[in-house]
Amino acid sequence: MAEVLVYVDHVDGAVRKPTLELLTLARRIGEPVAVALGNGAGDTAAVLAEHGAVKVLTHEAAEYADYLVVPKVDALQAAHEAVSPAAVLVPSSAEGKEIAARLALRLGSGIITDAVDLEAGDEGPVATQSVFAASFTTKSRVSKGTPVITVKPNSAAVEAAPAAGAVEALSVSFSAQATGTKVTGRTPRESTGRPELTEAAIVVSGGRGVNGAENFAIIEALADSLGAAVGASRAAVDAGWYPHTNQVGQTGKSVSPQLYIANGISGAIQHRAGMQTSKTIVAVNKDAEAPIFDLVDYGVVGDLFDVVPALTEEIKTRKG
């Protein structure tokens, strides 16, 4: 069976959830070979093996932290030369897409970004994408070179599938470009205690109907009762009610959670583009004609200031 390279997104050895989802998808088209780079790369092996990696290629060097993406591209190119994989899978983050694009260019290969599903095909992996502001779903495959595919978070369930997970040192020679852009400082993101927006299984968002920054407290309360991330529409962000880092939509972040709850959001195409691939969508809006209701699985026509607190209390009661 052909091998599939999976780029490992980790923080000092702690593997992030999108990588485990990639391993699930990789097993559909071949045998996953994980590539872990940087500080703590060796510490990723156990969890990667538990989720299906037959082999873990590791390389630790200061360049991965000290410089931008080129050292990681160099390493993935080295892994490609060592393995000759059927495909290369990368998490669809901003950094992941830049790594994938640079790698595809070096390999002379086609690239597919923001896939939401992956399956084996007679002529190579077939990726499903949501395109044109999520108005259409397409299936496509790369017709030249090794397919390089980035996959959006929450596109597949994390499944345990114990494998050998044999650890091998990857030999990497950094290119002259690897040290071209140096990282001069880092500022840790302020922790809210909530899941990262693009990786969360549940997202609770507020829009223009929240009617003020102070009222986002009820959105946060519902999110916290569900263990969810908090999102916001462009209208709410532009009004200064919530940080841009939490904006969901075409000019913000794209999310694809198991559950998306939209509160006081009309459902403009700009917002829909960032959340339409959510598995289940619930909307609360007092306007029965709001476009968001054309999209949802469940809709509540009502004042969010009545509905959301009542829902939060019901959830707390059921949790005991």
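Okay, quick one to start: which residue in β16 is the bridge partner of Asn285? It's Val301. Keep that pair in mind, and keep in mind too that what we're looking at is a predicted model.

So let's stay with those strands for a moment. Asn285 closes strand β15, which covers residues 280-285. Between β15 and β16 there are 4 bridges, and the two strands run parallel.

Zoom out and you'll find them in an open sheet of 5 strands. Reading across, the order goes β13-β12-β14-β15-β16, and the pairing is parallel. At the edges you have β13, residues 229-232, and β16, residues 298-301. Each of those has a single partner strand, so one side of each is left without a neighbour in the sheet. As for twist, neighbouring strands here are turned by 15° against each other on average, if you ignore direction.

Now, what packs on this sheet? Helix α6 does, and it touches β12, β13 and β14. Its direction makes about 170° with that of β12.

On to the aromatics. How many aromatic pairs does a search of the whole structure find? The count is 2.

Take Tyr64 and Phe174 to begin with. Their ring centres are 5.5 Å apart and the planes sit at 75°; anything over 60 degrees counts as edge-to-face, so that's what we call this pair. Along the chain these two are 110 residues apart: Tyr64 is in helix α3, residues 63-66, while Phe174 is in the loop between β11 and β12. Buried or exposed, then, for Tyr64? Buried, because its relative accessibility is 6%. Phe174 comes out as partly exposed, at 26%.

The other pair brings us back to α6. Phe216 is in that helix, which spans residues 216-226, and Tyr242 is in the loop between α7 and β14, 26 residues apart from Phe216. Here the ring centres are 4.5 Å apart with the planes at 20°, so we call the pair stacked. Both partners are buried by our cut-off of under 20%: Phe216 has a relative accessible area of 1%, and Tyr242 has 13%.

One last thing to click on, if you've got the structure open: Lys182. Its charged end sits over the ring of Tyr67, 5.0 Å from the ring centre.

That's my tour, so over to you for questions.

Terms used:
Residues numbered from 1 in each chain as written. Predicted model: local features only at pLDDT ≥ 70, side-chain atom pairs only at ≥ 80, totals over all residues. Heavy atoms only, no water. Phe/Tyr/Trp six-rings, centres within 6.5 Å; stacked < 30°, edge-to-face > 60°. Buried < 20%, exposed > 50% of the residue type's maximum accessible area, 1.4 Å probe, protein only. Lys NZ or Arg CZ within 6 Å of the ring centre and 35° of its normal. Pairing = 2+ DSSP bridges. Axes fitted to C-alpha atoms, helices over the stretch in contact; angles between N-to-C directions. Contact = heavy atoms within 4.5 Å.
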